[in-house]
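Colleague: Please take a close look at a single part of this model and explain how it is set into the rest of the chain. I would like the terms made explicit as they come up.

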Amino acid sequence: IPKTASADSNPVGNWNVTVDRWLWNYTLNADGSVTWRDPFNGQNGAGKWEVGPGKISFTWFNSKTTESWDVPLKPLKTGKTTMEGKTYDVNAVRA
């Protein structure tokens with residue numbers, strides 16, 4: 001699947017994701033898998049993603065965190081994530 005500038009047509013690729021004080025590097029793969037890595041402390045994880053009506057939803061393995069990105073993507077507020085009971089805005093930019 002070729003990479004495009006629009007996540008609506010193809011979100012596969014590398015993304016820089018900012019949530020509150022955190023920054024993560026996501027890699028969305030064509031098979032629906034996703035990995036994340038914290039560039040500052042090396043922590044990482046994996047999950048899966050899928051495109052549904054108006055959003056991209058993420059399921060993270062071994063985590064209660066929920067996350068979804070609205071599509072089309074909007075600068076500075078891509079979507080929402082809920083971690084440990086608190087909801088944060090998500091900003092994702094293609095790397």
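Modeller: Secondary-structure elements here are DSSP runs numbered from the N terminus, namely helices (H or I, at least four residues) and strands (E, at least two). The model is predicted, so to speak of a local feature requires pLDDT of at least 70 and to count a side-chain atom pair requires pLDDT 80 or more, whereas totals for chains, interfaces and linings use all residues. Residues are numbered from 1 along each chain as its sequence is written, and side-chain values use heavy atoms, with hydrogens and water left out.

The part I have chosen is strand S7, together with the loops on either side. Strand S7 spans residues 79-83, and the loop that separates it from strand S6 (66-70) contains Pro72. The peptide bond leading from Val71 into Pro72 is cis, with omega near 5°. As background, most peptide bonds are trans, and most residues other than glycine have a negative phi.

S7 presents two faces. Gly79, Thr81 and Met83 make up the covered face, while Lys80 and Thr82 make up the uncovered one.

Both neighbours of S7 are paired with it, where pairing means that DSSP finds at least two bridges between two strands. In general, strands of a sheet pair through backbone hydrogen bonds, either parallel or antiparallel. With S6, the pairing of S7 is antiparallel and extends over four bridges. Within that pairing, Ser68 has Lys80 of S7 as its bridge partner. On the other side, S7 is joined to S8 by five bridges, again in the antiparallel sense. There, Gly79 is placed opposite Val90 of S8.

The connection from S7 to S8 deserves separate attention. These strands form a hairpin with two residues between them. Glu84 lies in this loop, ahead of strand S8 (86-94). Although Glu84 is not a glycine, its phi is positive, at about 50°. Glu84 is also exposed (a relative accessible area over 50%; buried is under 20% and partly exposed lies in between, with a 1.4 Å probe and protein chains only), its own value being 86%.

A second hairpin offers a useful parallel. S1 and S2 are likewise connected with two residues between them, and Asp20 in that turn has a positive phi of about 55°. Asp20 sits between strand S1 (13-19) and strand S2 (22-28). As for the distance between two turn-region positions, Glu84 and Arg21 are 63 residues apart in sequence and 15 Å apart in space, C-alpha to C-alpha.

The wider setting is a closed barrel of eight strands in the order S1-S2-S3-S4-S5-S6-S7-S8, with antiparallel pairing. S1 and S2 are paired over seven bridges in the antiparallel sense, with Asn16 opposite Asn25 in S2. Strand S4 (residues 44-52) runs antiparallel to S5, and six bridges join them; in this pair, Val51 stands opposite Ile56 of S5. S8, the hairpin partner of S7, also pairs with S1 in the antiparallel sense, over four bridges. Val17 is the residue that stands opposite Ala92 of S8.

Val17 also leads into the interior. A nonpolar core is a set of buried Ala, Val, Leu, Ile, Met, Phe, Trp, Tyr and Cys residues joined through side-chain atoms within 4.5 Å. The largest such core has 18 residues, and those with the most contacts inside it are Val17, Tyr26, Leu28, Phe58 and Trp69. At least two residues of this core come from each of S1, S2, strand S5 (55-60) and S8. Contact, taken as heavy atoms within 4.5 Å, can be followed from Phe58: leaving aside neighbours within four places in sequence, Phe58 touches Tyr26, Leu28, Val34, Lys48, Trp49, Glu67, Ser68 and Trp69. One of these, Ser68, leads back to the chosen part, as Ser68 is the bridge partner of Lys80 in S7.
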